[in-house]
Structure formats: C-alpha cells, structure tokens
Protein chains: 2
Amino acid sequence: MSPPIDDVSASARIAGPGEDIGPEELALAARNHGLPLEALRYDVTPPGLHYVLTHYDIPAADASTWQITVRGDVRRPLTVTMDELRSMPSATVRVTMECAGNGRARLTPRPVSQPWLVEAVGTAEWTGVPLRALLADAAPGPGAVEAIFTGADHGVERGVEQDYARSLPLSVATGRDSDVLVAYAMNGLPLPPQHGHPVRLVVPGWYGMAHVKWLRDITVTDTPFTGFQQAEAYRLRQDPGEAGEPVTRIAPRSLLVPPGFPDFMSRTRVVRPGTVRLEGRAWSGRAPVTAVEVSTDHCRTWETADLAPGDGAPWAWRRWEHTWTAAPGHHVLSTRARDAEGNVQPVDPPWNRGGFANNAVQRVDVLCLRPAD
Amino acid sequence: MSPPIDDVSASARIAGPGEDIGPEELALAARNHGLPLEALRYDVTPPGLHYVLTHYDIPAADASTWQITVRGDVRRPLTVTMDELRSMPSATVRVTMECAGNGRARLTPRPVSQPWLVEAVGTAEWTGVPLRALLADAAPGPGAVEAIFTGADHGVERGVEQDYARSLPLSVATGRDSDVLVAYAMNGLPLPPQHGHPVRLVVPGWYGMAHVKWLRDITVTDTPFTGFQQAEAYRLRQDPGEAGEPVTRIAPRSLLVPPGFPDFMSRTRVVRPGTVRLEGRAWSGRAPVTAVEVSTDHCRTWETADLAPGDGAPWAWRRWEHTWTAAPGHHVLSTRARDAEGNVQPVDPPWNRGGFANNAVQRVDVLCLRPAD
C-alpha cells in the first residue's frame with residue numbers, strides 16, 4: 001500500500017493535447033508572480049515587482065534568533081548569527097535572477113508546474129558575505145567536493161517530504177569569478193519575507209533554484225549531493241528514465257518592454273503609426289551579452305539593437321534600444337540575445353520534460369492603428 | 001466596419017462548460033498576484049506580498065514633476081505638487097484592501113478575467129492627505145454630487161480606450177466616517193510603482209477598484225459619472241442588458257493560514273495528528289466583524305473561533321485563532337465571518353457576470369497522516 005502522502009503529492013506529468021491551465025497550476029500562478037514587463041524599465045527591480053517562486057510556504061523567520069550552521073567535512077564547524085554575519089566584510093552585487101521554469105507554459109506539450117510565460121525574472125542589488133569567506137573560515141577537508149545549502153521551507157513534492165536543499169560544486173561555491181553571496185539585504189534593505197528573510201544564497205549567473213532562500217545550513221560533503229532538488233528535479237530530460245543534465249547557468253534571453261498601451265484582457269498592444277522607441281533588457285548567465293536583435297515581422301528579418309555598456313555589473317541585464325517605424329496593421333515583435341560564448345536564443349522552444357530553460361524568443365502582438373483611428 | 005481596435009479588445013465573456021484557464025487569463029495571472037496565504041500571519045502585509053491588480057501598465061511616474069489637479073464644479077481649482085501634498089496635514093490609516101474580483105475563478109460558470117481564487121487581499125498602513133481637506137480647499141459648488149478620480153494608467157478595455165477613472169459620491173469622498181486618503185506612503189515608505197507611485201486614492205472599506213492609483217486628476221461634477229469603470233465594469237449583473245447594482249463596499253470574508261506544510265503542486269496541506277493551531281484574518285467593509293466560525297468537516301458543523309480585539313483599526317482585518325484536534329484522514333477546513341450588519345459569508349458562491357464580490361467560504365484540503373507515517 002502506498003503511503004497516504006502519495007494521495008496528495010503526484011508524479012510529474014505533461015499536459016494532454018489542448019489541455020489548458022488547470023486549478024493546480026492556477027493556484028501556483030496566483031501565489032507566485034513574474035515581472036510586469038513594463039518594469040523592465042528599471043535598472044534595479046523594485047522588490048514587489050521582482051519575480052517570486054516559492055516551492056512550499058514562506059517560513060515565519062525571526063532574524064534575532066536565526067543561525068546558519070556550517071558543518072560536515074570541515075575542520076572548524078561554525079554557527080553564525082545574523083549579527084555576526086552583518087559584522088563580516090560584505091560585498092554588494094547586482095544580479096539578474098531568472099526562474100529555471102521561465103517559458104514553461106509556452107511549451108507544447110506543456111509540463112504541468114508553475115506556468116510561467118516569459119516574465120520570471122528580476123534584477124536586484126544583493127548585499128552579503130562572500131560564501132568563499134565563510135567556507136574559508138570553516139576550512140573544508142581535502143576531499144570536499146560540494147556544499148549543500150538547506151533552507152527553512154518545508155513541504156512535499158512528488159511524494160518526498162523535504163526541506164528545500166540544493167548543492168554547488170566547491171569550485172563554484174568558492175570561485176573567485178562567481179561572487180556567490182550569503183545575502184541579507186536586497187536593494188539596501190533587509191530581505192523581504194518572500195526573498196528569503198533573513199538570509200539567502202545568491203549565485204550570480206545561475207537559475208533561481210540555486211539561490212536557496214531562508215538559508216539555515218551549509219554542509220560540506222565529499223560526495224555529490226543526491227537530494228530531490230538536485231537529482232530528481234531541475235534536470236533536462238526527454239524521457240522520464242534518464243538521469244538528465246543538471247540545470248545550471250542562465251541561457252541568454254532578451255525581453256522588450258511592450259510598446260504603446262495594452263488591452264486589459266488580451267494584453268495585445270496598441271500603438272499609433274510612426275516612430276516607436278523600443279527598449280528592453282538582455283542577459284546571459286553563461287557569458288557577457290554581445291548583441292541584441294529585434295524583429296518586427298514574426299521573426300522573418302532581424303535588425304541590430306543599440307546595446308548599452310555593461311556598467312561594471314557583469315551579472316546584471318543590459319539595456320538595449322531600437323527605433324521602429326510602425327505602419328498600420330498587425331505586427332509581432334521579437335528580440336533575441338547572443339552571448340560571447342555564441343549562445344543565441346532560438347525561435348522554436350527547446351523542449352524537456354521539466355520545462356526548464358526555455359529561452360525561445362518573446363513574441364509581442366501589436367496592433368498599429370490607422371492615423372484616423 | 002468596426003474600428004480595428006475591436007480586433008484586439010473583445011467583449012466580456014463567460015467560460016464554457018469545462019473550459020480551463022486560457023492563455024489570456026494566464027497572462028493576467030502571471031502579472032498580477034495575490035497574497036500567499038501564509039502571509040496572513042502579518043498584521044501589516046509587506047508590500048511585495050500585498051495583492052496587486054493593474055488594469056493596464058504600471059506608468060513610468062516621476063514624483064518630482066507629478067501634479068494632481070482638482071477642478072470641475074469647484075470655486076478654487078487647485079494644482080498640487082507632491083511637495084505641497086506632503087506639507088499638508090496627514091493621516092495614517094490601516095486598511096485591508098481586496099480586489100472586487102477576488103473569488104472569480106471559483107465561480108461556475110467562470111467569468112473570463114483576472115482569475116483570482118481567494119487571495120486578492122492585503123493590509124497596509126497608508127499615509128496621505130484626507131481627501132475631505134483637499135476638497136474643502138477647492139470648495140465644491142452647491143450642486144456638486146460626485147468627484148471623479150483619474151489615474152495615469154492608459155489602455156483599452158472592451159473596445160474603449162481610456163485612462164482608468166472612477167468616481168465617489170461626495171458624501172463618501174468628504175464623509176467624516178470614511179477616512180478617504182490621497183495617499184503617498186505605504187507602510188512608511190513612498191508608494192511602490194505597482195501600488196500607485198507617487199500618489200493614489202485609498203477608500204477604506206471599498207473594493208480595490210475605487211482606490212485609483214497613479215492619481216492625476218480629481219474633477220468635481222454635478223452629475224453622476226458614467227465612465228467605463230463606473231457604468232460598464234464593476235456592476236452586479238445576471239444578464240448582459242441590465243444596468244446592475246454598483247460594486248461598492250467589501251463583503252465580509254475570513255481566510256485561514258493553511259496549516260501544516262504543502263505539496264508543491266496540489267497545494268494540499270499535510271499535518272500530523274493531534275493539536276493543530278488554526279489562525280487567520282477576517283474583515284468586512286460594511287460593518288465591524290463580530291464573529292468568525294471554523295469548520296473542519298466540509299462546512300457541515302461550525303465552531304466559534306477566538307476573535308482578537310479590533311485594535312483601533314476599524315478598516316483593517318482582525319486576527320482569529322482556533323484549536324483543531326486533527327485525526328488521520330482527509331479533511332476540508334473552512335472559515336466564515338459575520339459582521340455587525342448581519343452579513344455572513346455564504347457556503348455557495350454568489351454568481352454574477354463580472355465575477356465580483358464572491359465571498360463564498362474558503363476550502364482548504366488537508367491530509368492528516370497516521371502517527372507512523
């Protein structure tokens with residue numbers, strides 16, 4: 001007999017042909033939220049506009065008694081209070097964060113989970129203690145290979161009761177080029193509850209699943225972590241039986257601020273004929289963005305947009321601009337980013353069973369009115 | 001020939017039998033968001049957890065050049081800058097705000113619009129200038145009956161291009177018992193963009209559609225306002241041809257913090273046998289909440305919860321608690337509020353074509369494990 005928890009915690013599944021969003025996906029969409037695309041105008045996203053994805057519940061956390069333990073394969077196990085953490089040398093890093101499931105609801109067939117379209121992104125200034133400093137204090141053993149990060153959010157997923165936990169290879173956790181932070185402030189203020197209050201991991205360049213919120217424990221291990229969120233979830237699989245490649249760094253993406261004004265229900269945009277200034281943001285967690293292109297004709301032809309300088313923030317999105325001369329009629333606007341490793345956004349969505357890393361180009365429907373309308 | 005804007009801006013419609021959430025409703029659900037129900041634990045909702053519903057786009061607003069005009073049937077038309085507004089005597093009021101469409105997606109058949117379940121609510125401390133003071137400065141004429149409030153958000157809805165605008169009867173706008181504010185701060189900080197930066201109306205006790213965001217103009221009139229959001233939208237209608245009653249004050253509602261921990265996908269709750277402390281919030285915009293009841297057996301029997309004092313905040317939700325002894329098996333938890341006018345939440349949803357004011361009781365599915373699980 002299967003345990004009763006399986007009654008309420010089903011296996012992953014793929015939506016059937018023509019199956020629209022059901023009550024469970026709607027319940028997730030009502031709790032979690034994306035960036036309203038007009039908020040791409042802000043260099044740094046105000047907290048309530050930054051995307052949020054919470055696997056279980058936002059924990060009730062008390063910063064005054066919160067502690068992080070650092071243990072496992074280390075010579076000096078640590079217990080760190082928030083006051084102690086805030087007294088250590090800190091760094092502030094501007095980071096564009098994106099959910100690994102962004103784009104999932106645009107896949108056919110659709111993996112059933114949080115149904116993101118394209119908006120699960122945001123950029124913040126995170127302040128905290130470099131993880132490498134905390135790990136150096138604890139002194140990992142010579143055979144240590146990974147650090148496992150455990151949060152306070154507790155739930156069940158596909159039958160597995162768990163505290164949310166993810167690992168990083170020590171080379172990433174302590175690397176000089178990755179700026180991993182144990183972060184306690186967002187845009188200069190204490191973390192809001194939904195962003196991990198009082199402390200979270202920030203892993204610049206990686207999809208959101210790596211940035212463990214409500215961080216309670218760091219355990220160093222001499223074997224790779226095989227927990228649910230590492231070995232079961234967040235793998236790129238075509239068939240259920242595959243081990244699959246792990247989801248890691250953010251694939252390049254560009255999004256445009258939808259021009260003109262929207263229809264409330266269809267979200268189709270309306271513009272008037274003439275010059276329309278298009279703007280947006282582009283990012284990649286794999287390498288610097290080197291070019292952004294814009295199409296105003298259903299991805300048939302592309303023009304190069306003006307890309308703003310990186311501004312010394314290598315982990316943050318970059319602004320771009322382009323001028324479009326709109327003529328009356330229906331148009332579909334798209335934009336695509338390319339990075340220094342040669343990664344470029346595809347026109348057709350890359351499919352996998354988890355619906356991860358779908359960075360297919362955005363499509364924005366626009367009606368340009370006639371001059372007299 | 002119909003204007004081309006009708007191609008992208010359709011009439012209101014009701015979902016067909018068995019029709020799940022489609023791409024347009026999903027696009028709204030991805031932008032707008034509710035209160036994650038565990039956040040009912042906070043007396044005052046942190047801004048990023050407070051529900052947000054934006055009809056069109058969040059405008060790009062510059063507080064340093066923002067002005068509110070007060071005009072129409074007044075003896076002294078005014079133009080007020082943000083500095084001037086902040087120098088006037090202010091008030092701070094704690095207000096529970098709820099979207100008029102809360103509960104819409106739980107209706108059968110479902111009106112197609114923003115698909116809220118039960119979570120479109122939040123409570124904030126709003127600071128601003130009492131509207132009655134601003135109107136007194138402008139001195140409405142003897143025949144004035146309403147004030148129309150226009151925001152900066154521009155869009156099209158059911159074929160009508162518009163700036164979002166709503167009116168209030170002058171008796172409400174200037175009434176001593178309603179504390180209507182022209183608000184520039186939320187929880188002690190400048191309004192976030194999505195909550196109306198730099199200034200909005202706050203109408204305690206009324207559904208959210210009355211709290212006009214990004215407020216630019218107040219026009220006093222000697223005839224009732226017949227704009228789209230007043231005469232077309234936000235009416236309680238059974239048939240499309242009816243004038244319908246206007247949506248005004250918030251019907252009573254109680255929500256509980258879902259106990260235990262959730263399954264990621266189904267959001268079903270899991271608890272262990274024994275004593276489970278239930279807590280939640282209850283509010284009504286019509287009269288003080290006088291009682292909250294809890295059912296743990298599919299609304300068959302009800303027990304009275306402990307209701308906390310009102311705390312001198314008549315427009316804010318009140319906390320309640322109840323102790324439940326959970327036994328292994330499946331349970332459905334519900335709660336209902338009653339107010340001093342005798343309004344009580346119904347078990348079956350009240351239906352209307354707009355899907356407004358559905359305050360039917362919440363239902364929370366809970367699995368209580370066996371002691372050995």
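**Figure 1. A:Asp43, at 42% relative accessibility, counts as partly exposed, and this view shows its salt-bridge partner, A:Arg281.** The model shown here and in the views that follow is predicted. The side chains of A:Arg281 and A:Asp43 meet in a salt bridge, with N and O 3.0 Å apart. This pair links distant parts of the chain: A:Arg281 belongs to strand 16 of chain A, whereas A:Asp43 lies in the loop between helix 1 and strand 1 (67–72) of chain A, 238 residues away. The two partners also differ in their surroundings: A:Arg281 has a relative accessible area of 2% and is therefore buried, while A:Asp43 is partly exposed. Over all chains, the whole structure holds 35 salt bridges.

**Figure 2. A:Asp83 and A:Arg86 form a salt bridge within one helix of chain A.** Their closest N and O atoms are 3.3 Å apart. Both residues belong to helix 2 (residues 82–87) of chain A; because they are 3 residues apart in this helix, about one helical turn separates them. A:Asp83 is exposed, with a relative accessible area of 58%. A:Arg86 has a value of 42% and is partly exposed.

**Figure 3. In chain B, a salt bridge connects B:Arg319 with B:Glu279.** The N-to-O distance between these side chains is 2.8 Å. B:Arg319 is found in strand 20 (residues 318–326) of chain B and B:Glu279 in strand 16 (residues 274–283) of chain B, so that the pair joins distant parts of the chain, 40 residues apart. B:Glu279 is buried, its relative accessible area being 14%. B:Arg319, at 22%, is partly exposed, because the class of buried residues ends at 20%. In chain A, a network of salt bridges links A:Arg277, A:Glu279, A:Arg319 and A:Glu321.

**Figure 4. Four strands of chain A form an open sheet with antiparallel pairing.** The order of the strands is 13-16-20-19. Strand 13 (253–256) and strand 19 (306–307) of chain A are the edge strands, each of which pairs on one side only. Strand 16 (residues 274–283) and strand 20 (residues 318–326) of chain A run antiparallel and are joined by 9 bridges. Within this pairing, A:Thr323 of strand 20 of chain A stands opposite A:Arg277.

**Figure 5. Strand 21 (residues 329–339) of chain A is largely enclosed by the rest of the structure, because 8 of its 11 residues are buried.** Strand 21 of chain A pairs with strand 17 (residues 289–295) of chain A in the antiparallel sense, over 6 bridges. In strand 21 of chain A, A:Arg338 stands opposite A:Ala291. Strand 21 of chain A also runs antiparallel to strand 22 (residues 364–368) of chain A, and 5 bridges join these two. Here A:His331 has A:Val366, in strand 22 of chain A, as its bridge partner.

**Figure 6. Chain A and chain B are related as by a two-fold rotation axis.** A turn of 180° with a shift of 0.0 Å along the axis lays chain A on chain B with an RMSD of 0.0 Å. The two copies are thus related as by a two-fold rotation axis. In chain A, the C-alpha nearest the axis belongs to A:Gly48, at 1.8 Å from it. The same surface serves both copies, since 100% of the contact residues of chain A recur in chain B.

**Figure 7. The contact between the chains takes 68 residues from chain A and 68 residues from chain B.** About 5,800 Å² is buried between chain A and chain B, and carbon and sulfur atoms give 63% of this area. On the side of chain A, the residues that lose the most area to chain B are A:Val8, A:Phe264 and A:Met265, together 13% of what that side buries. Between chain A and chain B there are 6 salt bridges. A salt bridge joins B:Arg269 to A:Asp57, with the closest N and O atoms 2.5 Å apart. In addition, 29 residue pairs are in polar contact between chain A and chain B. Helix 1 of chain A gives the most to the side of chain A that touches chain B, with 9 residues.

**Figure 8. Helix 1 (residues 23–31) of chain B is largely enclosed by the rest of the structure, because 7 of its 9 residues are buried.** Among these buried residues are B:Glu25, B:Leu26 and B:Arg31. The buried residues of helix 1 of chain B pack against helix 1 (23–31) of chain A.

Note on methods. Residues are numbered from 1 along each chain as its sequence is written. Chains are lettered from A and ligands numbered from 1 in the order in which they are written. This is a predicted model: local features need pLDDT of at least 70, side-chain atom pairs count only at pLDDT 80 or more; totals for chains, interfaces and linings use all residues. Side-chain values use heavy atoms; hydrogens and water are left out. Copies are superposed by least squares on the C-alpha atoms of residues with pLDDT of at least 70 in both. Contact means heavy atoms within 4.5 Å. Buried means under 20% relative accessible area, exposed over 50%, partly exposed in between (1.4 Å probe, protein chains only). Two strands pair if DSSP finds at least two bridges between them. Buried area is the accessible area (1.4 Å probe) that two parts lose on being put together, summed over both. A salt bridge is a side-chain nitrogen of Lys or Arg within 4 Å of a carboxyl oxygen of Asp or Glu. A polar contact is a pair of N or O atoms within 3.5 Å; within protein, one must be able to donate a hydrogen and the other to accept it, and residues adjacent in sequence count only if both atoms are side-chain atoms.
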